[in-house]
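Please work through the exercises below with the sequence and the structure at hand. Each task is followed by a worked solution.

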Amino acid sequence: MKILVYGAGVLGCNLTRNLFRAGKDVALLARGNWAEEIRKNGLRIKDKFSPCVSVSRVAVVTELKPEDTYDVIFVVMRYTQLSSITELLRANGTKNIVFVGNNVRAAALAASLPEKNVLFAFALSAGHREPDRVASIDLKKITIGQLAGAPSNERLIGQIFEGTKYKVVYEPNMGDYLLCHAAFVLPAAFACYKTDGDLKKLKGNTAYLSRILDANIEGYRAIRDAGHTILPKDDTDFEGAAYHRTCMRFFKLMCATSLGKICASDHAMNATDEMSALNRDLKQFFDEHRAKYPVWKELEKEAGKYLK
């Protein structure tokens, strides 16, 4: 199976390394100095909980031509960049396209590529890129599938990830999964902007952390009331005490340790355009369904200059 990972940020680099280590025929599309760095010194990744830097001698390409065909292309780009690649994907002969990352307009994106088999995925990986390496946390878990009602891709997904160390979660309703993910992530991004990227300023601030949770619940409630499914299924009872305890423990951990920086603020501070666009489009969804989200709006306002 021949695979291209289109996008060499943190997520794309971790995905490429994991597929490469499993013996897959995988190439990474990178550009500029970063492409030259990988070609010269290999794809270097420093995992937070490992003392060593891994080096993978992966194949690097700098463009996708119409005649270049793969069994699968993973598109690992920011939400704001996806429209720039759709024409290129239409012109290319590859059938199976997997978009990895945040997205609240998955159905529209799939509809723009009617001749393709479009999948969506979200990988539990985070961090930042340095001049000569990636610094990251990679939990090697990926949730992947197609939109509700589309033909199943479970067999294809099994073939792609066979032999890797990924925990693969097949999700046949990725549209709703990504909506819910945005409703969880954006309030946390607001917290990053309120603190100028230093979540440790919120350590012990239970009142503010509770407001983050309240905003998340407003988002989930709007999604549910619009007729969508709350995913993952563990979040179904999002108004219950158990969900509240779990989220508060997570938020407190993020604000008390370095995990907050590498798992949340690194991306939020470097991708304000993406967070702004996700916020805009998710609010449009809320408004179309006449949802109420006052806490969300308060946190958004406090985020100030970072949101467009």
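Two exercises follow, both on a predicted model.

**Exercise 1. The second largest pocket**

Task: Determine which helices supply the lining of the second largest pocket, and describe that lining by class.

Solution:
1. The space in this pocket comes to about 360 Å³.
2. Its lining is made up of 18 residues, and those closest to the centre are Val104, Arg105, Ala106, Leu179 and Phe285.
3. At least two lining residues come from each of helix H4 (106–111), helix H6 (174–194) and helix H10 (272–288). The greatest contribution is that of H10, with 5 residues.
4. Sorted by class, the lining holds 9 nonpolar, 5 polar and 4 charged residues.

**Exercise 2. A β-α-β unit**

Task: Establish the handedness of the unit formed by E9, H5 and E10, and explain why the buried residues of H5 lie on one side of the helix.

Solution:
1. Strand E9 (residues 134–145) pairs with strand E10 (residues 167–170) in the parallel sense, over 4 bridges. Within this pairing, lysine 141 stands opposite lysine 167 of E10.
2. Together with helix H5 (residues 154–161), strands E9 and E10 make a β-α-β unit that is right-handed.
3. Four residues of H5 to consider are Leu156, Ile157, Ile160 and Phe161, which are buried. They lie on the same side of H5 because they cover an arc of only 120 degrees around the axis.
4. The general principle is that an α-helix has 3.6 residues a turn, so residues three or four places apart point the same way.
5. Just after H5, glycine 163 adopts a positive phi of about 90 degrees.

Conventions. Residues are numbered from 1 along each chain as its sequence is written. This is a predicted model: local features need pLDDT of at least 70, side-chain atom pairs count only at pLDDT 80 or more; totals for chains, interfaces and linings use all residues. Side-chain values use heavy atoms; hydrogens and water are left out. On a 1 Å grid over the protein atoms alone, a cavity is a set of points where a 1.4 Å probe fits but cannot get out, and a pocket is an open set with protein on both sides within 12 Å along at least five of seven lines; lining residues have an atom within 4 Å of a point. Grid points are joined across faces, edges and corners, and a volume is the space filled by probe spheres set on the points. Ala, Val, Leu, Ile, Met, Phe, Trp, Tyr, Cys and Pro count as nonpolar, Asp, Glu, Lys and Arg as charged, and the others, Gly among them, as polar. Two strands pair if DSSP finds at least two bridges between them. A crossover is right-handed if, with the strands pointing away from the viewer, the path from the first strand over the helix to the second runs clockwise. Buried means under 20% relative accessible area, exposed over 50%, partly exposed in between (1.4 Å probe, protein chains only). The arc is that of the directions from the helix axis to the C-beta atoms.
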